[in-house]
Amino acid sequence: MADTAAPPPNVADSLMLAMVASSDAPLLLLDGDLTIIAASHSFGRAFAVDVTTASGSPVFDLGAGEWRSPKLRSLLTATASGQAAIDAYEMDLARPDHGTRRLVIKAQKLHYADAAAPRILMTVSDVTDARIAERLKNDLLRDKAVLLQEVQHRVANSLQIIASVLMQSARGVLSEETRTHLTDAHNRVMSIATVQKQLAQAGQGDVALRPYFTQLCQSLGASMIRDHDKQSIEVSGDESRVGADVSISLGLIVTELVINALKHAFPGDRAGKIIVDYTSRGADWTLSVGDDGVGMPEAGGEATPGLGTTIVEALARQLKARVAVTGSKPGTSVSIAHVQSAAAGGNGVKPPEHAV
């Protein structure tokens with residue numbers, strides 16, 4: 001039967017000393033009195049210590065006394081007694097002519113053949129450069145956030161100016177067709193301004209869709225609905241939140257579909273309601289915009305697809321979603337659905353063929 005007894009202490013000591021001395025990491029091997037038994041050559045190079053003379057000296061006498069930290073002494077004493085282990089203690093080491101370095105110290109009591117002679121392995125990592133890089137990154141992120149806020153503010157102001165110019169131009173032209181195009185452009189710019197404002201308020205986080213759509217529809221209603229006693233826009237849905245990039249696409253889809261419904265579903269100031277709804281389950285979601293207006297044109301009476309239709313189709317493809325249109329009797333309902341298991345290679349039925 002093979003002999004499984006522990007090797008003699010001198011053999012164990014020799015092996016341990018050899019391992020410590022050859023380690024690439026700055027290591028100290030201490031006894032129960034916190035006196036240095038051995039130091040790795042990497043420790044000597046990192047902290048300008050002569051490892052050949054360090055042996056036999058208390059760890060707190062290293063250098064010019066910069067290691068004399070009461071907190072470190074307390075932690076190492078607790079480790080030597082077996083009451084604790086130092087997992088990641090951070091301390092600043094101020095050495096003459098070397099500047100202050102940030103260190104992370106780990107220490108643990110070794111299970112040793114001689115229980116009466118405890119051994120502590122102490123590892124020292126210099127994280128100064130890493131901390132500087134981290135602070136620099138945080139400073140850059142803060143500067144980026146401030147710059148982004150400034151850009152958003154300037155974009156919002158520019159959009160408001162463009163919208164005002166478009167509306168003034170619409171009021172001054174004689175051509176009804178030109179006035180209609182300028183008004184449409186004004187409404188789209190205002191909707192984008194609302195999208196931008198909502199996303200700026202949300203910051204870098206996810207966007208709650210129901211309040212986002214509500215604000216967007218309020219802006220559209222304020223600029224396009226003449227009689228709010230006759231026509232209204234209602235937003236419903238769950239508490240879904242999406243990333244800012246997705247919310248931009250969804251907001252533009254809602255804008256186009258609501259503008260389309262307001263222009264075509266209620267001719268002659270007909271009374272009616274538009275309902276915007278969004279629900280999701282896991283990765284699957286459905287956005288719908290429905291109205292109780294005059295409904296889809298009769299067969300053979302479709303107009304050439306307009307800009308709004310093209311925008312909705314392009315955005316739906318970007319979201320890997322399908323577009324479907326149904327007559328709701330009365331009215332029309334357009335749904336954009338994303339189903340995880342469904343192929344997203346193309347859209348389904350096109351939106352209403354109105355000249356948006």
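This report walks through a predicted model of a protein, from its overall make-up to a few single residues.

## Overall make-up

The protein has 356 residues, and 38% of them count as buried. It holds nine helices and 12 strands. Many contacts link distant parts of the chain. Take the contacts with a separation of 6 or more: residues 24 or more positions apart account for 59% of them.

## A five-stranded sheet

One sheet is open and has five strands. Their order is β7-β9-β10-β12-β11, and the pairing is mixed. The edges belong to β7 (231-237) and β11 (322-327). Each of these two has a single partner strand, so one side of each has no neighbour in the sheet. On average, neighbouring strands are turned by 15° against each other, direction ignored.

Inside the sheet, β10 (residues 284-291) and β12 (residues 332-338) run antiparallel. Six bridges join this pair. L287 offers one point to look at: its bridge partner in β12 is I336.

## Helices on the sheet

Two helices meet this sheet. Helix α7 lies across β7, β9 (272-281) and β10. Its direction makes about 170° with that of β7. Helix α8 also packs on the sheet, where it touches β7, β9, β10 and β12. The direction of α8 makes about 20° with that of β10.

## How α7 meets α8

The two helices also pack against each other. Helix α7 covers residues 209-224 and helix α8 covers residues 244-264. Their axes are 10 Å apart and form an angle of about 35°. The crossing of α7 past α8 is right-handed.

From α7, the contact takes in L209, Y212, F213, L216, C217, L220 and M224. From α8 come S247, I248, L250, G251, V254, T255, V258, I259, L262 and K263. By type, the residues of this contact divide into 13 nonpolar, three polar and one charged.

## A closer look at α7

Helix α7 has 16 residues. From first C-alpha to last it reaches 22 Å, close to the 22 Å expected at 1.5 Å a residue. Its buried residues are L209, Y212, F213, L216, C217, S219, L220 and G221.

The spacing of such a list can be read against helix geometry. An α-helix has 3.6 residues a turn, so residues three or four places apart point the same way. In α7, L209, Y212, F213, L216, C217 and L220 are among the buried residues. These six also take part in the contact with α8.

## A21 in the first helix

A21 lies in helix α1 (residues 9-22). It counts as partly exposed, because its relative accessibility is 26%. Leaving aside residues up to four places away in sequence, A21 touches A39, S40 and H41. A21 and V51 are 30 residues apart in sequence, while their C-alpha atoms are 9.0 Å apart in space.

## Two loop residues with positive phi

D269 sits in the loop between α8 and β9. Its phi is positive, about 60°, although D269 is not a glycine. With 45% relative accessibility, D269 counts as partly exposed.

K320 is found in the loop between α9 (307-318) and β11. K320 is not a glycine either, yet its phi is positive at about 55°. Its relative accessibility is 53%, so K320 counts as exposed.

Note on methods:
Residues are numbered from 1 along each chain as its sequence is written. This is a predicted model: local features need pLDDT of at least 70, side-chain atom pairs count only at pLDDT 80 or more; totals for chains, interfaces and linings use all residues. Side-chain values use heavy atoms; hydrogens and water are left out. Axes are lines fitted to C-alpha atoms, for helices over the stretch in contact, and angles run from 0 to 180 degrees between N-to-C directions. Helices (H or I, at least four residues) and strands (E, at least two) are DSSP runs, numbered from the N terminus. A crossing is left-handed if the near helix is turned anticlockwise from the far one by less than a right angle, and right-handed if clockwise. Contact means heavy atoms within 4.5 Å. Ala, Val, Leu, Ile, Met, Phe, Trp, Tyr, Cys and Pro count as nonpolar, Asp, Glu, Lys and Arg as charged, and the others, Gly among them, as polar. Two strands pair if DSSP finds at least two bridges between them. The expected span of a helix is 1.5 Å times one less than its number of residues. Buried means under 20% relative accessible area, exposed over 50%, partly exposed in between (1.4 Å probe, protein chains only).
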